[in-house]
Amino acid sequence: MSDAPRKAPARKSAPRPSKALAERLTQLVYDALSDAAETLLGVKGDEFSLRPLNPVRVVVALSGGRDSMALLDVVEKLFHRPRQFLIARVHAVYVNHGLSPNADDWEAHCRAECETRRIPFTPVRVTVRQTGEGVEAAAREVRYRALARFAREEAYDVVLTAHHEDDRIETFLMQWMRGAGPEGLAAFPQTRELVIPGLAASRNAPPLLLVRPWSGVLRADIDRYARSVKLSYVEDESNRSPKYLRNRIRREVVPLLDKIRPGFRQGAARAVSLTAEAAEVLRSVSLDDLARCRDEANPHALRIPALLRLIPARQAWCLRTWMQEEGMQLPNRARLEEGLRQVRQSHADSQLALQVRSKEMRRWGDLLVIRDVSARRSEDTRDAVLVWEGGDTLALPGWNGSLAVIPCLPGECGVSARRLRDGTLEVRARRGAERMKLWPNRPSKYLKDLFAEAGVPAFERADLPLVWLDGELVFTGALGMDIRFCDELAHDDTLVRFEFRSEASLLGAPADRPNLADRPASERRGGR
């Protein structure tokens with residue numbers, strides 16, 4: 001037997017640091033998109049699914065900066081990899097806020113980089129109107145709205161952003177300074193549904209997901225990757241401005257914390273993750289509470305008695321979750337508590353109102369409802385003379401809707417089309433004491449009583465138009481035609497009737513109401 005030393009078996013060399021980092025970043029993107037595909041398919045846990053049958057369509061949110069350019073680079077390489085079945089298509093979107101004099105140059109840079117990578121590119125221009133929360137918050141809101149609108153209109157499933165762990169820690173510190181609750185302190189999850197108040201998806205549309213695959217990656221790692229592949233990217237000068245809170249936290253607070261406790265980021269990231277877990281548990285509880293509080297007949301409405309059986313803290317969480325589900329911007333804590341106080345103490349429809357931007361919460365009997373609202377104009381400015389030229393619709397400026405002009409069927413009450421063209425046609429706001437007669441053999445009634453019989457909430461009645469023809473009240477929205485002023489059909493004329501078509505929504509659907517006069521007696525007195 002030979003005593004010659006044996007060679008050790010050859011070991012596979014470890015990947016170079018830059019290659020290992022690239023593989024890690026790519027795997028994180030792949031895993032996040034795989035999870036998104038399963039979420040969109042409705043598959044959970046270890047259930048079997050043929051994933052290639054559910055490839056995702058991805059929008060990359062591109063700013064031209066280092067982080068988003070690194071994400072684009074990784075996604076492009078993954079997308080163009082032979083025999084990959086996870087990504088169906090990729091599109092890069094640059095939202096041009098117009099806040100920087102360099103914004104157009106950044107757009108051009110993004111376009112050139114996408115052309116080089118054979119990735120479709122679309123710039124979207126937006127206008128940022130500063131609110132009380134500052135220009136950063138306003139820009140963020142219009143940015144996500146633009147991304148969501150593009151993704152919805154072009155049938156994409158996922159919006160990818162390049163947020164990383166340092167962003168999460170900075171957001172945590174900012175929210176902590178503002179006194180945020182668990183959801184705010186959780187900074188942002190890796191994946192969530194992208195729901196924009198006021199931007200409704202079509203019925204039965206799948207969710208649009210916002211995915212941040214690198215939420216657990218350090219900024220320094222992304223910087224190393226960018227240098228290793230020699231990425232070309234732009235520098236946003238606003239990132240150096242001390243007038244923005246995030247920049248001061250990044251440049252002053254975080255380095256000080258690093259000096260006081262080296263490696264604090266690991267502990268801070270763990271705290272953010274634990275807070276996110278707690279927020280997830282609370283949201284799960286609130287979703288269960290919401291399901292129990294929803295009205296069976298009107299699932300978009302909440303039953304007040306069921307809500308008030310919860311402890312106060314769960315009432316608040318349930319209300320917040322409901323508002324988010326209905327696309328309403330969340331009020332601050334003080335306004336939410338005031339809204340809950342009104343819920344507990346109010347009894348009439350008109351005594352409770354909580355408005356945030358274009359939506360408001362109202363009480364309707366023993367229900368809470370959310371409805372669209374527009375800037376309220378005075379009664380005088382909504383009064384107008386109308387001109388009908390024979391079409392099937394009359395615009396009603398200031399009324400958030402239009403008037404449908406419908407040819408009458410035999411036996412229906414209507415006004416002469418000739419008189420409608422030649423007479424004085426007006427729309428007016430309700431002044432009080434108006435009466436209508438909707439049915440033969442029944443007396444006229446005040447509009448207030450007819451609205452109650454029609455089930456129209458008190459808070460909606462001021463938004464329903466009154467139509468006058470030659471000084472006579474011939475029609476009221478949601479009520480119908482006054483039979484006293486209907487015309488006889490002449491041989492060379494036609495009769496028409498009206499319906500008010502509202503553009504606002506109530507209970508998650510257009511707030512159109514059939515005319516009370518057209519409803520069978522069994523459906524009247526539907527008010528709460």
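## Overall make-up

What share of the contacts in the protein chain with a separation of 6 or more comes from residues 24 or more positions apart? The share is 69%. The model is predicted. The protein chain holds 16 helices and 23 strands.

Of its 528 residues, 46% count as buried. The exposed area of the protein chain is about 28,300 Å². Carbon and sulfur atoms supply 51% of that area.

## The largest nonpolar core

The largest nonpolar core has 42 residues. Leu-33, Val-158 and Trp-214 have the most contacts inside it. Several elements each supply at least two residues of this core. Among them are helix 1 (17-41), strand 1 (56-61), helix 2 (66-79) and strand 2. Helix 3, strand 4 (158-160), strand 6 (209-211) and helix 7 also belong to that group. Helix 1 gives the most, with eight residues.

Trp-214 shows how distant parts of the sequence come together. Leaving aside neighbours within four places in sequence, Trp-214 is in contact with Leu-25, Leu-28 and Val-29, among others. Its contacts also include Asp-67, Ala-70, Leu-71 and Val-74. His-163, His-164, Glu-165 and Ile-222 are on the list too.

## Helix 2

Helix 2 has 14 residues, which should span 20 Å at 1.5 Å a residue. Its end C-alpha atoms are 20 Å apart, in agreement with that figure. Twelve of the 14 residues are buried, so helix 2 is largely enclosed by the rest of the structure.

The buried set includes Met-69, Ala-70, Leu-71, Leu-72, Val-74, Val-75 and Leu-78. Arg-66, Asp-67, Ser-68, Asp-73 and Glu-76 are buried as well. Of the residues in helix 2, Asp-67, Ala-70, Leu-71 and Val-74 are in contact with Trp-214.

## Helix 5

Helix 5 covers residues 165-177 and has 13 residues. From first C-alpha to last it reaches 19 Å, close to the expected 18 Å. Ten of the 13 residues are buried, so helix 5 is largely enclosed by the rest of the structure.

Which residues of helix 5 are buried? They are Glu-165, Asp-166, Asp-167, Arg-168, Ile-169, Glu-170, Thr-171, Phe-172, Leu-173 and Met-174. Their cover includes helix 6 (182-185), helix 7 (219-228), helix 8 (245-260) and helix 9 (264-293). Glu-165 is also in contact with Trp-214. Just after helix 5, Gly-179 takes a positive phi of about 80 degrees.

## A parallel pair with a helix between

Strand 2 (residues 87-96) and strand 3 (residues 121-125) pair in the parallel sense. Five bridges join them. One bridge links Ala-92 to Phe-121 in strand 3. With helix 3 (residues 103-117), these two strands make a right-handed β-α-β unit. Strand 2 and helix 3 each supply at least two residues to the largest core.

## Two antiparallel sheets

Strands of a sheet pair through backbone hydrogen bonds, either parallel or antiparallel. One open sheet here has five strands in the order 11-15-18-19-20, with antiparallel pairing. Strand 11 (384-386) and strand 20 (480-481) stand at the edges, each with a single partner strand, so one side of each is left without a neighbour in the sheet. Inside the sheet, strand 15 (residues 425-428) pairs with strand 18 (residues 466-469) over four bridges. Glu-426 has Trp-468 of strand 18 as its bridge partner.

Another open sheet has four strands in the order 12-13-21-14, again with antiparallel pairing. Its edge strands are strand 12 (393-396) and strand 14 (415-416), each pairing on one side only. Strand 12 and strand 13 (residues 401-407) run antiparallel and are joined by four bridges. Thr-393 has Ala-404 of strand 13 as its bridge partner.

## Around Arg-461

Arg-461 sits in helix 16 (residues 458-461). Is Arg-461 buried or exposed? Its relative accessible area is 13%, so Arg-461 is buried, the cut-off being under 20%.

Not counting residues up to four places away in sequence, Arg-461 touches Arg-430, Lys-448, Phe-451, Ala-452 and Val-456. Arg-461 and Ala-478 are 17 residues apart along the chain. Their C-alpha atoms are separated by 9.2 Å.

Notes:
Residues are numbered from 1 along each chain as its sequence is written. This is a predicted model: local features need pLDDT of at least 70, side-chain atom pairs count only at pLDDT 80 or more; totals for chains, interfaces and linings use all residues. Side-chain values use heavy atoms; hydrogens and water are left out. Buried means under 20% relative accessible area, exposed over 50%, partly exposed in between (1.4 Å probe, protein chains only). Contact means heavy atoms within 4.5 Å. Accessible areas come from the Shrake-Rupley method with a 1.4 Å probe; for residues, only the protein chains shown count as cover. Two strands pair if DSSP finds at least two bridges between them. The expected span of a helix is 1.5 Å times one less than its number of residues. A crossover is right-handed if, with the strands pointing away from the viewer, the path from the first strand over the helix to the second runs clockwise. A nonpolar core is a set of buried Ala, Val, Leu, Ile, Met, Phe, Trp, Tyr and Cys residues joined through side-chain atoms within 4.5 Å.
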